[in-house]
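Me: Please give a close account of a single part of this model, one strand, and follow it outward to whatever it pairs with and touches. Kindly state the cut-offs behind each term as it arises.

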Amino acid sequence: MLWYGDELGMGENLALTERQAVRTPMQWSPEPHGGFTLADAPVKPLVAEGPFGFRQVNVAQQRRDPGSQLNWTERIIRARKECPELGWGAWKVLRTGNKGVLAIRYEWKGNALVVLHNLSARPCTVKLDPGGEEACTLFNVLSEDHSRPVDGQRHVLTLEGYGYRWFRVGLENPARKHRTEPLP
């Protein structure tokens, strides 16, 4: 779930009461009033000072920065849309041997996706059997960090603290597979 401004890392105006603190105008640019209005004053005050002020955190600057939170958010949303297994597929929790790591395999229309999330602040290495009939390569959806089995069908995967990986199972591009109907 994203709240308004989360895609930028926008701050809150704690001088405002109750829920108004998170309902400040969007910080579009470093221009006056964050580029939100050309009026003499906005209806609600912006976050103007400190590390979350509109001069430091705004859409215009983050669009130009490939490593920005806005660009990361756009990439992860796009990746999620390209993985219909997450919303439509049957799922199964996989064993990782680590209580802090959640691994789930999703299957839909002959395609499979395995996602791992380290819910701990500590980095860890897990051995994972992604399921399925035979040993296969896991193709990372979010990077070029693919995984090949090292022990029969098992993969050895290292996750940083609060890290995650999304893998396509055995097929890098499922769109190449013959489909009789389009994806939703």
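Reply: The strand taken here is β7, in which F167 is the bridge partner of N140. The model is a predicted one, in which local features need pLDDT of at least 70 and side-chain atom pairs count only at pLDDT 80 or more, while totals for chains, interfaces and linings use all residues. Residues are numbered from 1 along each chain as its sequence is written, and side-chain values use heavy atoms, with hydrogens and water left out.

Strand β7 covers residues 164–169. Strands (E, at least two residues) and helices (H or I, at least four) are DSSP runs numbered from the N terminus, and two strands pair if DSSP finds at least two bridges between them. The bridge at N140 belongs to the pairing with β5 (residues 138–140), which runs antiparallel to β7 and is joined to it by three bridges. Strand β3 is also antiparallel to β7, and here the bridges number five. Within that pairing, Y164 in β7 stands opposite H117.

How much of β7 is buried? Five of its six residues are buried, and the strand is mostly covered. Buried means under 20% relative accessible area, exposed over 50%, and partly exposed in between, with a 1.4 Å probe and protein chains only.

The covered strand contributes to the largest nonpolar core, which has 15 residues. Such a core is a set of buried Ala, Val, Leu, Ile, Met, Phe, Trp, Tyr and Cys residues joined through side-chain atoms within 4.5 Å. V101, V114, L116, V126, L128, L157 and V169 touch the most other members. Two or more residues come from each of β2 (101–108), β3 (111–118), β4 (124–128), β6 (155–159) and β7. A second, separate core of nine residues includes A79, C83, Y106 and L113. In soluble globular proteins, nonpolar side chains tend to be buried together.

L116 shows how β7 meets its surroundings. Contact means heavy atoms within 4.5 Å. Apart from neighbours within four places in sequence, L116 is in contact with Y164, R165 and F167, as well as G163, and its other contacts are V101, L102, A103, V126, L128, L157 and L159.

The charged residues of β7 come next. A salt bridge places a side-chain nitrogen of Lys or Arg within 4 Å of a carboxyl oxygen of Asp or Glu, and the count by this rule is four. One of them links R168 to E85, with the closest N and O atoms 2.6 Å apart. Because R168 lies in β7 and E85 in helix α3 (residues 85–88), this pair ties together parts that are 83 residues apart in sequence. R168 and E85 are buried.

Another salt bridge joins R165 to E160, at 3.0 Å from N to O. R165 counts as buried at 13% relative accessibility, whereas E160, at 39%, counts as partly exposed. Salt bridges with shared partners bring D145 together with E160 and R165 in one network.

Beyond β3 the pairing continues. Strands β3 and β2 are antiparallel and pair over eight bridges; in their hairpin, two residues lie between the strands, and K109 takes a positive phi near 50°. E107 has A112 in β3 as its bridge partner, and in β2 it stands opposite A90. E107 also forms a salt bridge with R105 (2.6 Å, N to O). R105 is buried at 10% relative accessibility, while E107 is partly exposed at 42%.

Strand β1 (residues 90–94) runs antiparallel to β2, with five bridges joining them. The two form a hairpin with six residues between them, and G97 in the turn has a positive phi of about 80°. Six of the eight residues of β2 are buried, so this strand is largely enclosed by the rest of the structure. L102, one of the residues in contact with L116, lies in β2 and is partly exposed, with a relative accessible area of 35%.

L102 also joins W91, V93 and L119 in a nonpolar surface patch with about 430 Å² of accessible area together. Patches are made of residues with over 30% relative accessible area and no salt bridge, like charges being joined within 9 Å and nonpolar side chains (Val, Leu, Ile, Met, Phe, Trp, Tyr) within 5 Å. Accessible areas come from the Shrake-Rupley method with a 1.4 Å probe, and for residues only the protein chains shown count as cover.
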